[in-house]
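Student: Got a minute to go through this one with me? I'd like to start with a helix and then wander.
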Amino acid sequence: MKISLVQCELIMGDVDTNFKNIEDKIRESMVDNPDVIVLPEMWNTSFIPTNVNEISDSEGKRSRELLSKLSKDLSVNIVGGSVSNTLNGELYNTSYIFDRNGNEIAKYNKVHLFSPSGEDQLFEKGNQLVTFELDGIKCGMVICYDIRFLEWIRKYALEDIQVLFNSAAWPAKRSMHWDVLNRARAIENQMFVVCVNSVGDFGGHSAIIDPWGEYIIEPFESDEIKTGELDFSVIKEIRESINVFRDRRPELY
């Protein structure tokens, strides 16, 4: 499976510019003929403009229409990062996932909201684990702050996902935490972690990490698209040599 990471600079509060930039980046990604394209967190508004309530996407309509059209026209799976959107008067930070036929196959509302920035005062919390299949591979989705909660990620591992996608708006001053946490989640859960951040106001360091904790794509800081390939035989190899799931003792935890 070839995966393209769209690490780009978003303009705070400039929805139209961000939509154009994301569409251009998705089309540009097709040069590498990826199977999956992954976007950063809150790519429609960036994280978080003061007028986020007014400019967020109503029911994700505009975002979903764009991603559905592009995934179908380009015959590519799109893990749509996340967008700020409103539903029944409430604000959510939501990821939409589309298959190659333009079908929306999953939706994930961010579960752990970043209280230091006041995100928890503006947005409603999600409350569901979300898994889905891309080209027959079972995957899961988290958004940014979620990666700090190892219990949440372990629940995904126990659902036997092979790839965890993490889209973020993670600050540069905590890039070390970002690198370590994503890498640790890959190692301890013996799965691929695909993490995408934005740049400009944020720290970049998007990467693809294999179940051994090795980088397939090393963290990078530029406004750029990078593509890497996943070899799923690695999961079988690591689980045969170090089977942490067999050796767990959940009755003691």
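Tutor: Sure. One term before we start: exposed means over 50% relative accessible area, and buried means under 20%. Also keep in mind that this is a predicted model.

Student: Okay, helix α3 then. How many residues has it, and how far does it reach?
Tutor: Helix α3 covers residues 61–74, which is 14 residues. From first C-alpha to last it reaches 20 Å, close to the 20 Å expected at 1.5 Å a residue.

Student: Which residues of α3 are buried?
Tutor: S63, L66, L67, L70 and S71. Looking down the axis of α3, those buried residues fall within an arc of 120°, so they line one face of the helix.

Student: And which residues are exposed on the other side of α3?
Tutor: K61 and K72 are the exposed ones there.

Student: What do the buried residues of α3 pack against?
Tutor: One helix and several strands: α1 (15–29), β3 (57–58), β4 (77–79), β5 (83–87) and β6 (90–98).

Student: What happens just after α3?
Tutor: S75 sits there with a positive phi of about 55°.

Student: Switching to charges. How many salt bridges does a search of the whole structure find?
Tutor: It finds 17. One of them belongs to the helix we just left: K69 bridges to D73, with the closest N and O atoms 2.7 Å apart.

Student: Where do K69 and D73 lie?
Tutor: Both are in α3, four residues apart, about one turn of the helix. In general, an α-helix has 3.6 residues a turn, so residues three or four places apart point the same way.

Student: How accessible are K69 and D73?
Tutor: K69 is partly exposed at 46% relative accessibility, and D73 is partly exposed with a relative accessible area of 46%.

Student: What about E159, which residue does it bridge to?
Tutor: K138, with the closest N and O atoms 3.9 Å apart. E159 is in the loop between α5 (150–158) and β10 (163–167), while K138 is in strand β9 (residues 137–143), so the pair ties together parts that are 21 residues apart in sequence. E159 is partly exposed at 37% relative accessibility, and K138 is partly exposed at 25%.

Student: Which residue does R249 meet in a salt bridge?
Tutor: E251, at 3.4 Å from N to O. R249 counts as partly exposed, with 45% relative accessible area, whereas E251 counts as exposed at 59%.

Student: Which residues are linked in a network of salt bridges?
Tutor: D35, R100 and D135 are linked that way.

Student: On to the inside. Which residues of the largest nonpolar core touch the most other members?
Tutor: That core has 47 residues, and the ones touching the most other members are I3, Y108, F132, L134, V163, L164 and F165.

Student: Y108 caught my eye. Which residues is it in contact with, leaving aside neighbours within four places in sequence?
Tutor: Among them are V130, M141, V142, I143, W152 and Y156, along with polar ones including N93, T94 and Q128. There is also a second, separate core of 20 residues, which includes L10, V15, I22 and L66. L66 is one of the buried residues of α3 we listed earlier.

Student: L10 again, does S198 ring a bell? Where does S198 lie?
Tutor: S198 is in the loop between β11 (192–196) and β12 (206–209). S198 is buried, at 1% relative accessible area. Beyond its neighbours within four places in sequence, S198 is in contact with C8, L10, P40, A168, A169, G203 and G204.

Student: Last topic, rings. How many aromatic pairs does the structure hold?
Tutor: Seven. In one of them, W152 and Y156 have ring centres 6.1 Å apart and planes at 80°, so the pair is edge-to-face. Both lie in helix α5, four residues apart, about one turn of the helix. W152 is buried at 12% relative accessible area, and Y156 is buried at 0%.

Student: How are W170 and W178 arranged?
Tutor: They form a tilted pair, 5.3 Å centre to centre with 50° between the planes. W170 is buried at 3% relative accessibility, and W178 is buried at 0%.

Student: Which residues form one aromatic cluster?
Tutor: F114, Y145 and F149.

Conventions
Residues numbered from 1 in each chain as written. Predicted model: local features only at pLDDT ≥ 70, side-chain atom pairs only at ≥ 80, totals over all residues. Heavy atoms only, no water. Helix = DSSP H or I, 4+ residues; strand = E, 2+ residues; numbered from the N terminus. Expected span 1.5 Å × (residues − 1). Buried < 20%, exposed > 50% of the residue type's maximum accessible area, 1.4 Å probe, protein only. Arc of directions from axis to C-beta. Contact = heavy atoms within 4.5 Å. Salt bridge = Lys/Arg side-chain N within 4 Å of Asp/Glu carboxyl O. Core = buried A, V, L, I, M, F, W, Y, C linked by side-chain atoms within 4.5 Å. Phe/Tyr/Trp six-rings, centres within 6.5 Å; stacked < 30°, edge-to-face > 60°.
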